[in-house]
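Here's a quick tour of how this chain is packed. Have a look at the model, then read on.

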Amino acid sequence: MANAADKAASISDAGPAAPTTGTPAFSPLYQQIKGLILQSLQAGEWKPGDLIPSELELAGRFRVSQGTVRKAIDELSADNLLVRRQGKGTFVATHSEQQVQYRFLRLEPDSGNRASQGPAERQILDCRRLRAPAEVARMLGLRSGEPVFEVRRVLSFQGVPTILEDLWLPGDPFKGLSSETLANHQGAMYALFESQFGVRMVRANEKLKAVAADAESAQTLGVAPGFPLLSVERVAYTYNDTPMEYRRGLYRTDHHHYHNELS
């Protein structure tokens, strides 16, 4: 089987592919190099937090120009998969880094900022292994009845319960997950998934809508039944667009707002 360098060499030497009806004639070379670097990330050649080879080394490995590699790395950095550090090199992004920890948490206080309100206080209400309900299986790309973990937790800020979340995770990649494991971890949950289970979340899709608190969520969040909440439904993906988490959250927004920056 050809390795990544051989594939890059054949791409570089062959030039643009002949036009084929209904398909693109070619993709830019830097996009192909981006794909090869992604393959190495998927295969675990470089772990989260690792320093990857220099642009010059990668150019030699893939037999392309340094500028082509730089452009591929620029895109991977924009995708938050790699992080450039001045004078140190380029590293695989990790959810353990301070600037990355809140990438998937968009709830911010109305006054002050995340730093002023302090870290979230987490309470794990449940963690159990079960057979995937049909909807959960569909969202995770599993067969109905395959094993999944269901986690329920509450996030509080300054003592106020603010987020009630239910998460479903595929059983095999997260084998051994327990309430104790979750409760004993002090960092972001995605950092735990990364360090203990080798699963790195790289992107997510979310759906938001307004809902009224039912009796159970009202009691858990300390509000009256019918209180307006923000419902956030998320599917998070690892490399190769593989779904690894289905999450439903109910957010109090009486003292917080959901912030998203579009560019």
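## Packing at a glance

Of the protein chain's 263 residues, 42% count as buried (under 20% relative accessible area with a 1.4 Å probe, protein chains only). This is a predicted model, where local features need pLDDT of at least 70 and side-chain atom pairs count only at 80 or more, while totals for chains, interfaces and linings use all residues. Residues are numbered from 1 along each chain as its sequence is written, and side-chain values use heavy atoms, with hydrogens and water left out.

The chain has ten helices and ten strands (DSSP runs: H or I of at least four residues, E of at least two, numbered from the N terminus).

Now for the inside. The largest nonpolar core (buried Ala, Val, Leu, Ile, Met, Phe, Trp, Tyr and Cys residues joined through side-chain atoms within 4.5 Å) has 19 residues, and Ile-33, Ile-37 and Leu-58 touch the most other members. These helices each supply at least two residues of this core:

| Helix | Residues |
|---|---|
| H2 | 29-42 |
| H3 | 55-62 |
| H4 | 66-78 |

Leaving aside residues up to four places away in sequence, Leu-58 touches (heavy atoms within 4.5 Å) Ile-37, Trp-46, Ile-52, Pro-53, Val-69 and Ile-73.

How do H2 and H3 pack? Their angle is about 100°, with axes (lines fitted to C-alpha atoms over the stretch in contact; angles run from 0 to 180 degrees between N-to-C directions) 12 Å apart. H2 and H3 are therefore roughly perpendicular (65 to 115 degrees). H2 brings Ile-33, Leu-36, Ile-37 and Ser-40 to the contact, and H3 brings Leu-58, Arg-61 and Phe-62.

Terms used. Buried < 20%, exposed > 50% of the residue type's maximum accessible area, 1.4 Å probe, protein only. Parallel < 35°, antiparallel > 145°, perpendicular 65-115°, else oblique.
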